[in-house]
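Visitor: Could you take me through one part of this model in close detail, setting it first against the chain as a whole? I would like a careful, connected account.

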Amino acid sequence: INQNKTKWEPMMKHFDWNQTFSSCLIFMDDHHLLSEWIAYHYFALPLGYLIIAVDPASKDPQPPIDDYWHTVMTIEIWND
């Protein structure tokens with residue numbers, strides 16, 4: 001059992017998952033903010049599709065994303 005999914009399940013029941021928001025985020029080395037940003041928008045909107053465009057000047061071309069988010073929403077990483 002995925003404990004993370006079970007932990008959030010009661011909060012997710014009120015969402016109409018047939019109607020979710022999409023977003024495009026420009027990312028540059030703000031690792032400590034990314035997970036919180038995703039979590040907030042996932043529950044506040046609900047966010048169902050996210051494109052992360054990595055700034056060419058970023059030190060890390062692959063932003064760190066918890067595996068949990070890949071199981072509950074679609075995330076694309078754009079590096080070019």
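Guide: Buried residues make up 31% of the 80 residues in the protein chain, and it should be said at once that the model is a predicted one. The accessible surface of the chain comes to about 5,600 Å², and carbon and sulfur atoms hold 54% of that area. In secondary structure, the chain has three helices and three strands, which follow one another along the sequence in the pattern α-β-α-β-α-β. Among the contacts with a separation of 6 or more, 77% join residues that lie 24 or more positions apart.

Against that background, the part to look at closely is helix H2, which covers residues 31–44. Its 14 residues, taken at 1.5 Å a residue, should span 20 Å, and because the C-alpha atoms at its ends are 21 Å apart, the computed distance agrees with that expectation. The buried residues of H2 are Leu34, Ile38, His41, Tyr42 and Phe43.

Of these, His41 can be followed further, as a member of helix H2 for which both an accessibility and a set of contacts are at hand. The relative accessibility of His41 is 19%, and since a residue is called buried when that value is under 20%, His41 counts as buried. Once residues up to four places away in sequence are set aside, His41 touches Pro46 and Leu47, with contact here meaning heavy atoms within 4.5 Å. Helix H2 itself ends at residue 44, whereas these two partners of His41 carry the numbers 46 and 47.

Notes:
Residues numbered from 1 in each chain as written. Predicted model: local features only at pLDDT ≥ 70, side-chain atom pairs only at ≥ 80, totals over all residues. Heavy atoms only, no water. Helix = DSSP H or I, 4+ residues; strand = E, 2+ residues; numbered from the N terminus. Expected span 1.5 Å × (residues − 1). Buried < 20%, exposed > 50% of the residue type's maximum accessible area, 1.4 Å probe, protein only. Areas by Shrake-Rupley, 256 points an atom, 1.4 Å probe, with all protein chains shown as cover.
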